[in-house]
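Trainee: Please choose one part of this model and take me through it closely. I would like the terms defined as they come up.

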Amino acid sequence: MKIKLTFAAALLAATVMSGVANAKTFVYCSEGSPEGFDPGLYTAGTTFDAAAHTVYNRLLEFEPGTTNPVAGLAESWTISDDGLEYTFKIRPGVKFQTTEFFTPTRELNADDVIFSFERQLKKDNPWNQYVAGASWEYFNGMGMPELIKSIEKVDDLTVKISLNKPEAPFLANLAMPFISIMSKEYADKLDADGKKEQLNQMPLGTGPYQFVGYQQDAVIRYKANADYWGGKQKIDDLVFAITTDAAVRYQKLKAGECHLMPYPNSADVEAMKADPNLKVMEQEGLNVAYLAYNTTQAPFDKVEVRKALNMAINKQAIVDAVFQGAATPAKNPIPPTMWSYDNAVQDDAYDPEAAKKMLEDAGVKDLSMKVWAMPVSRPYMLNARRAAELIQSDFEKIGVKVEVVSYEWAEYLERSKAKDRDGAVILGWTGDNGDPDNFLHTLLGCDAVGGNNRAQWCNEEFNKLVLDAKATSDQAERTKLYEQAQVVFKREAPWATLDHSLSVVPMRKEVQGFVQSPLGDFAFEGVDLAE
Amino acid sequence: MLRFLLGRLAVLIPTFIGVSIIAFSFIRLLPGDPVALLAGERVMSPERHAEISHTLGFDRPLPIQYLDYLGGVLTGDFGTSIVTKKPIIDQFFALFPATVELSLCAIIIAVLVGIPAGIFAAIKRGSFFDQSIMGAALVGYSMPIFWWGLLLIILFAGILQWTPVSGRISLMYFFPPVTGFMLIDSLLSGQAGAFKSAVSHLILPSVVLSTIPLAVIARQTRSAMLEVLGEDYVRTARAKGLSPWRVIGIHALRNAMIPVITTIGLQVGVLMAGAILTETIFSWPGIGKWMVDSVFRRDYAVIQGGLLLIAGIIMLVNLGVDLLYGLINPRIRL
């Protein structure tokens with residue numbers, strides 16, 4: 001029996017190992033099922049990995065390993081001097097995938113681009129409600145309907161988008177998965193056949209891999225797109241083996257049943273690093289966790305009080321206890337992998353004695369406050385309750401009494417927005433488009449008070465800097481403005497910045513060419529397996 | 001028999017409506033607004049919130065929402081997933097065969113091992129064998145499935161490499177589902193080795209899922225056997241000089257099986273509950289894993305529809321067991 005079972009196991013190992021000899025198969029143990037295959041409809045990274053980064057391309061793409069938007073399906077673009085008109089030249093000769101379910105008759109043109117935008121933009125577009133309850137969450141969430149005035153075809157390979165106001169992060173938005181470019185010809189065919197919903201089930205685009213099949217909650221299969229404009233991939237078949245449990249993913253990786261896995265348990269990382277068959281990549285994720293004081297309420301309206309509290313927090317202890325080291329203490333509100341990160345900024349040093357004195361000098365005695373702990377685990381904060389307890393004991397050392405409170409998640413998000421909210425809130429953010437505006441303006445701008453700006457902090461100097469940066473399209477100029485904004489932020493201390501969690505990617509030794517994305521995407525363009 | 005059947009059905013309908021009310025109100029009474037959760041940390045404007053609530057029908061009075069929902073359910077429309085936007089009933093029946101296949105294998109293992117173990121424990125009452133079996137059953141019954149599953153994976157798939165880690169079949173086999181049952185589909189596919197691969201993938205999850213029912217069945221069989229072995233007719237049979245195997249195998253076992261069959265019927269609910277964890281651990285694409293995923297995604301429509309469908313199926317199975325029981329034991333029908 002043992003021999004038979006061993007034989008079966010050997011046969012299985014052949015799946016990944018020797019079976020690859022004639023056709024190279026790359027198996028990715030993904031963490032969950034995609035919600036669907038139309039990236040416009042969804043917001044989850046799992047869905048974007050399965051649909052957007054495999055099958056589709058966008059006008060712009062993020063340069064691998066960075067958050068810089070570079071040419072994608074648009075080979076070049078010009079921006080009018082007033083920053084209101086963007087004209088895109090579409091890359092000529094780009095072919096849509098030829099699959100078992102559709103054979104395209106024409107190449108990519110302006111109609112496809114306009115279709116991809118208008119289905120999300122215009123409520124009366126026949127594709128706006130092609131699935132019940134389509135809310136185009138990201139398109140709306142990034143403010144595209146208010147921003148885009150019109151989109152028009154100049155010629156077959158030129159598209160002009162007019163904006164209502166200058167908005168520099170617009171280019172980065174165009175590299176985001178939700179605005180993937182679809183084939184209008186395929187959509188028209190589905191419409192004519194009365195099978196519109198198939199657009200969300202059998203995707204067809206211009207990307208490096210084409211869709212082969214999806215077995216619900218189990219396996220997604222792709223093969224290399226032979227006509228890919230960026231060159232055919234070295235991998236012949238790409239398989240997503242859906243494996244929800246991190247410990248099981250690790251076992252599969254060890255057994256050679258998959259080549260790469262996302263989101264390992266932090267407790268397993270050391271063993272992974274020691275395994276001679278595996279290698280581990282690490283990078284700061286595009287996220288931040290923070291403790292937001294309510295800067296409109298006494299005594300937190302005083303900068304000295306906020307500074308004193310910040311100096312009392314032992315961030316390293318939080319990183320060690322909550323992440324087992326898989327995070328770094330944060331000093332800026334944006335992560336180090338983001339352009340314009342100001343490394344020259346000095347963090348408030350951990351110094352309980354000085355903090356205590358500072359608090360006394362500010363005339364604050366017998367302070368008692370609430371610290372809000374999120375009820376859920378998020379990538380930027382795995383265990384907010386634990387972090388809150390550590391902060392509680394840190395604050396006690398300087399004579400501040402802390403009550404840790406928590407609410408159900410939706411309730412937490414809602415209540416923490418209130419302008420007269422009591423206490424300091426632990427929360428965080430994961431970047432959408434890699435643009436500093438997505439952190440600095442979204443989370444700390446004056447117009448976000450009562451919303452995303454949980455510190456209720458409206459500082460004119462800071463606000464002007466981020467608004468100016470938003471209206472400028474010159475990246476060097478913007479960098480300067482954001483660096484100044486980070487200095488103001490540190491001086492005014494509306495938050496205690498807690499951590500940036502590390503994104504850890506374990507893979508088999510034979511995996512080559514995988515580039516870790518600061519945005520947390522898992523994209524397999526350019527990946528290969530050593531013989 | 002018809003009266004018996006009608007009587008059972010009359011109980012079933014209010015139970016089903018009761019479950020539908022619980023499933024419906026349960027997720028609405030819980031704190032937390034499903035629409036706000038769609039946005040997560042991103043703040044949603046009040047207008048947008050109202051718009052989405054309207055699209056999803058959450059802005060209508062609760063009784064109207066419920067009646068509307070019940071009307072849909074009665075016509076076979078269990079709603080549409082908030083997340084995937086697909087009809088819940090389609091997803092359910094696409095995944096259900098995987099759960100049935102796993103559960104059937106688990107119950108077969110539980111019966112084949114549990115009943116003999118219980119019988120031997122009863123015969124050798126008080127012996128070391130009896131105590132070991134009952135001790136093992138207690139451990140099996142109390143063991144957290146999550147931990148047990150992982151332990152088996154690490155041992156058999158990780159260290160010994162006798163079985164695959166997870167999934168339903170090796171990724172090298174790729175064929176469209178015909179029946180949804182992998183054992184059957186792999187045979188129909190005609191691909192060499194596919195059936196073997198499907199079997200090897202089924203071993204660990206079905207052992208894990210069978211653990212609790214096995215323990216329950218073994219204990220139930222033992223106590224039922226002990227009770228029967230003390231009966232007068234068994235003593236008479238022995239006194240008549242019948243061989244011990246005949247006494248136990250024919251006279252005692254037949255009567256001891258009545259409560260055991262009831263127990264097996266009741267294990268259907270236990271299997272469904274166990275499948276939720278087992279499927280999650282073994283990446284088994286069945287309805288248990290689907291429900292867990294939906295909880296994490298806060299897909300209220302799926303949780304509600306899935307609960308109702310699972311409850312409906314458990315009720316139907318129990319009805320079947322009741323009918324079977326009525327056939328075996330005519331007194332029940334009276």
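Mentor: Two strands count as paired if DSSP finds at least two bridges between them. Strands (E, at least two residues) and helices (H or I, at least four) are DSSP runs, numbered from the N terminus. The model is predicted, so local features need pLDDT of at least 70, side-chain atom pairs count only at pLDDT 80 or more, and totals for chains, interfaces and linings use all residues. Residues are numbered from 1 along each chain as its sequence is written, while chains are lettered from A and ligands numbered from 1 in the order in which they are written.

The part I choose is an open sheet in chain A, made of four strands in the order E1-E10-E9-E8 with mixed pairing. Its edges are strand E1 (25-28) and strand E8 (209-215) of chain A; each has a single partner strand, so one side of each is left without a neighbour in the sheet. From one strand to the next the twist averages 20°, where axes are lines fitted to C-alpha atoms (for helices over the stretch in contact) and angles run from 0 to 180 degrees between N-to-C directions.

At the E8 edge, E8(A) pairs with strand E9 (residues 219-224) of chain A in the antiparallel sense, over six bridges. Within this pairing Gln210(A) stands opposite Lys223(A) of E9(A).

Helix H2 (residues 45-55) of chain A lies across E8, E9 and strand E10 (237-241) of chain A. The direction of H2 is at about 155° to E8(A). Contact here requires that the C-beta atoms of two residues, placed from the backbone, lie within 7 Å.
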